[in-house]
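Student: I have a new model open and would like to learn how to read it. Can you take me through it feature by feature?

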Amino acid sequence: NVQRQQIDRQLMDLRRRSDEFRQITSHMQEGLVLLNESGAVLSINAAACRVFGTGESCLGQDFLTVDRGRDVSDALASAMDAGHSEVRVQRLGRIYQFDIPRIQSGPDTLGAVLLAFDITQQETAEQSRREFTANVSHELKTPLQGIIGSAELIENGLVKQEDLPRFVGHIRREAQRLVALIGDIIRLSQLDEGDPLPWERVDVSALCRDIAADLRDKSEKSGTAITVEGPEIPVEGVRRLLYETVYNLCDNAIQYNVPGGSVRVTVTDRGDSAAISVADTGIGIAPEDLPRIFEKGYTGCNGRADKRSTGIGLYLCRQIMEKLSHTIRIESEMGVGTKVYLGLDTVSL
């Protein structure tokens, strides 16, 4: 009788622990599969069921009935031999990393644990970083090669005296392009640091007029007229970031305009918010480029052909707008022009 009572208490304790284990693992975001030394499934949580498209009916069955992928079975075999293995696989449009440690009890192998981590977001971010690095490297190397080439010709006395101003001008323009690219990279880095934003009262119309004045020399040199229209609208915002965004848009509008073209900046009062539009009469953006125009490092056909775009300016504008909980959208037609809308969805002061 005493032994039976002791066994009952032990069974109750085991059931309680089993229930606790099941409750804990059922709320895990990571997939968890326990396997015995033969590869049979001892336990599988809800997240793992979703990953492998199965249910608890697989308990007691060989793991090959759950997943027949060669990569996973090879990783399991490797874990049983070496003690640990890792593998990355795709399931249902997601990317998972499987960590598989072997379970030991002294010299005996009891089984293995398969942990499935969803790394889709990290992989996407890493892919974006690699593409951005490749694009920036290309954009840095191209003007540097132009500067070095022109400098070498001048140094070796291969440039005629009358051609010297043209080569010096080329070096200056390429150097300015480098400075602009590096400035954009620095501003992106500062934006990602997550420091508190200095919110303040900003007069949107006055801000746009200041930008137009700062770009006056560039617009006159290119023969592009820039105008600002709209009432005074004070909003709560971050002046430095708003200035950066509108300046980038106006600068692009001048840079990709046609001789004798125009840039029109319009400020609109929406009652509890404001809107800014920057419209130009420039070369426009190809329809196939529009869906990707705000991507980091994307310059599109026009940008690559003209070698005038760093692929960061519009991406920076979108990042700033999202940081301030504002909106940005773009419309364009080849040979007609481009119009960018900013929705300052912040209540006016």
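**Reading the model**

Tutor: Start with a pair of helices: α6 and α8 are oblique to each other. Keep in mind that this is a predicted model.

Student: At what angle do α6 and α8 pack, and how far apart are their axes?

Tutor: The angle is about 50 degrees, and the axes lie 10 Å apart. Helix α6 covers residues 204-214, and helix α8 covers residues 239-255. Their crossing is right-handed.

Student: Which residues make the contact?

Tutor: From α6 come L207, C208, D210, I211 and D214. From α8 come R239, L242, Y243, V246, Y247 and C250. By type, the contact has eight nonpolar residues, three charged ones and no polar ones.

Student: Now the sheets. How do strands of a sheet pair?

Tutor: Through backbone hydrogen bonds, either parallel or antiparallel. Take the sheet with the order β2-β1-β5-β4-β3. Five strands form this open sheet, and the pairing is antiparallel.

Student: Which strands stand at the edges?

Tutor: β2 (41-44) and β3 do. Each has a single partner strand, so one side of each is left without a neighbour in the sheet. Neighbouring strands here are turned by 20 degrees against each other on average, direction ignored.

Student: What does the pairing at each edge look like?

Tutor: At one edge, β2 pairs antiparallel with strand β1 (residues 31-36) over three bridges. There L35 stands opposite V41 of β2. At the other edge, eight bridges link β3 to strand β4 (residues 94-105), again in the antiparallel sense. S85 has I100 of β4 as its bridge partner. β3 and β4 form a hairpin with two residues between them. In that turn, L92 has a positive phi of about 55 degrees.

Student: Where do side chains point in a regular strand?

Tutor: They alternate between the two faces of the sheet. Strand β3 (residues 84-91) is a good case to follow by eye. S85, V87, V89 and R91 point to one face and are buried. H84, E86, R88 and Q90 point to the other face and are not buried.

Student: Which helix lies across β1, β3, β4 and β5?

Tutor: Helix α3 (residues 70-82) does, running at about 170 degrees to β3.

Student: What is the strand order in the other sheet, and how is it paired?

Tutor: The order is β7-β9-β10-β12-β11, an open sheet of five strands with mixed pairing. Its edge strands are β7 (225-229) and β11 (327-333), each paired on one side only. On average, neighbouring strands are turned by 10 degrees against each other, direction ignored. β11 and strand β12 (residues 337-344) run antiparallel and are joined by seven bridges. One bridge pairs E333 with G337 of β12.

Student: How do I judge whether a helix is enclosed?

Tutor: Count its buried residues. In helix α10 (residues 313-323), eight of the 11 are buried, so this helix is largely enclosed by the rest of the structure. The buried ones are G313, L314, Y315, L316, C317, Q319, I320 and M321. Just after α10, S325 takes a positive phi of about 60 degrees.

Student: One last residue. Where is I283?

Tutor: I283 sits in the loop between β10 (274-280) and α9 (300-306). Its relative accessibility is 28%, so I283 counts as partly exposed. Look for Y256 as well: I283 and Y256 are 27 residues apart in sequence, and their C-alpha atoms are 6.1 Å apart in space.

Technical notes: Residues numbered from 1 in each chain as written. Predicted model: local features only at pLDDT ≥ 70, side-chain atom pairs only at ≥ 80, totals over all residues. Heavy atoms only, no water. Axes fitted to C-alpha atoms, helices over the stretch in contact; angles between N-to-C directions. Helix = DSSP H or I, 4+ residues; strand = E, 2+ residues; numbered from the N terminus. Parallel < 35°, antiparallel > 145°, perpendicular 65-115°, else oblique. Left-handed = near helix turned anticlockwise from the far one by under 90°. Contact = heavy atoms within 4.5 Å. Nonpolar A, V, L, I, M, F, W, Y, C, P; charged D, E, K, R; others polar. Pairing = 2+ DSSP bridges. Buried < 20%, exposed > 50% of the residue type's maximum accessible area, 1.4 Å probe, protein only.
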